[in-house]
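Student: I am new to this structure. Please take me through one part of it closely, and then show me what surrounds that part.

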Amino acid sequence: MEKEVLIYHTDKNDEPSVSADEILSQSEFVAQGLTNLGYNVRMLPFRPNPRYVKEEASSCLIFNLVEAVGGTDRLAYWAPEIFEFFGFSYTGCPSKTLRK
């Protein structure tokens, strides 16, 4: 069985600043490291729709690099909240920690 990791990152359209390039750079860095360790890696922008997340991540470990949703960091908790709802394994803080 191949080990698969899905790296979710902030959608570049949701973060129109210098940090959007940093987020993609971080995602690529993490992807390279995981690939070197033998993981099959996919990178996707996070879309805050549970249906998409369920389809995209159902058999993966999720590496969460989502820092903003809808253009604001105040909604960053949506990503782990959806992961938790479906019982997916993911890296990073639980949703309750990110709520403001």
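**A close look at α3 and its surroundings**

Tutor: Start at S95, which sits in helix α4. Keep in mind that this is a predicted model. S95 is buried, with a relative accessibility of 5%. The cut-off for buried is under 20%, so S95 qualifies. Now look at what S95 touches. Leaving aside neighbours within four places in sequence, S95 is in contact with Y77, P80, E81, E84 and Y90. Helix α3 runs over residues 78–86. That helix is the part to study.

Which residues of α3 are buried? They are A79, P80, I82 and F83. P80 is also one of the contacts of S95. The four buried residues lie on the same side of α3, because they cover an arc of only 160 degrees around the axis. A general rule helps here. An α-helix has 3.6 residues a turn, so residues three or four places apart point the same way.

What covers that buried side? The cover includes β1 (4–9), α2 (50–57), β3 (61–65) and α4 (95–98). S95 belongs to α4. Just after α3 comes G87, which takes a positive phi of about 75 degrees.

Next, go to the loop that leads into α3. A76 is in the loop between β3 and α3. A76 is buried, at 7% relative accessibility. Not counting residues up to four places away in sequence, A76 touches V66, E67, A68, V69 and L98. L98 falls within the range of α4, 95–98. A76 and P48 are 28 residues apart along the chain, yet their C-alpha atoms are separated by 9.8 Å.

Now take α2, which is part of the cover of α3. A helix pair is described in a standard way. Two packed helices are described by the angle between their axes and the distance between the axes. For α2 and α3, the angle is about 65 degrees and the axes are 10 Å apart. The crossing is right-handed. P50, V53 and K54 make the contact from α2, while I82, F83 and F86 make it from α3. By type, the residues of this contact divide into 5 nonpolar, no polar and 1 charged. I82 and F83 are also buried residues of α3.

Which residues of α2 are buried? They are V53, E56 and A57. These residues are on the same side of α2, because their arc around the axis is only 75 degrees. The buried residues of α2 pack against β1, β2 (40–45), β3 and α3. V53 also takes part in the contact with α3.

Follow α2 onward to the strands. L6 lies in strand β1. L6 is buried, with a relative accessible area of 0%. Beyond residues up to four places away in sequence, L6 touches R42, L44, E56, A57, C60, L61, I62 and F63. E56 and A57 are buried residues of α2. The C-alpha atoms of L6 and S58 are separated by 9.9 Å, and the two residues are 52 apart along the chain.

H9 is also in strand β1. Is H9 buried or exposed? H9 counts as buried, at 6% relative accessibility. With residues up to four places away in sequence left out, H9 touches I23, L24, S27, M43, L44, P45, F46, L65 and V66.

L44 appears in the contacts of L6, and in those of H9. L44 is found in strand β2. L44 is partly exposed, with a relative accessible area of 23%. That value is not under 20%, so L44 does not count as buried. Setting aside residues up to four places away in sequence, L44 touches L6, I7, Y8, H9 and E56. The C-alpha atoms of L44 and Y8 are separated by 5.1 Å, with their places 36 residues apart along the chain.

End with the cysteines. C60, one of the contacts of L6, is buried at 9% relative accessible area. C93 is partly exposed at 37%. How many disulfides does a search of the whole structure find? The search finds 0.

How values were computed: Residues are numbered from 1 along each chain as its sequence is written. This is a predicted model: local features need pLDDT of at least 70, side-chain atom pairs count only at pLDDT 80 or more; totals for chains, interfaces and linings use all residues. Side-chain values use heavy atoms; hydrogens and water are left out. Buried means under 20% relative accessible area, exposed over 50%, partly exposed in between (1.4 Å probe, protein chains only). Helices (H or I, at least four residues) and strands (E, at least two) are DSSP runs, numbered from the N terminus. The arc is that of the directions from the helix axis to the C-beta atoms. Contact means heavy atoms within 4.5 Å. A disulfide is a pair of cysteine sulfur atoms within 2.5 Å. Axes are lines fitted to C-alpha atoms, for helices over the stretch in contact, and angles run from 0 to 180 degrees between N-to-C directions. A crossing is left-handed if the near helix is turned anticlockwise from the far one by less than a right angle, and right-handed if clockwise. Ala, Val, Leu, Ile, Met, Phe, Trp, Tyr, Cys and Pro count as nonpolar, Asp, Glu, Lys and Arg as charged, and the others, Gly among them, as polar.
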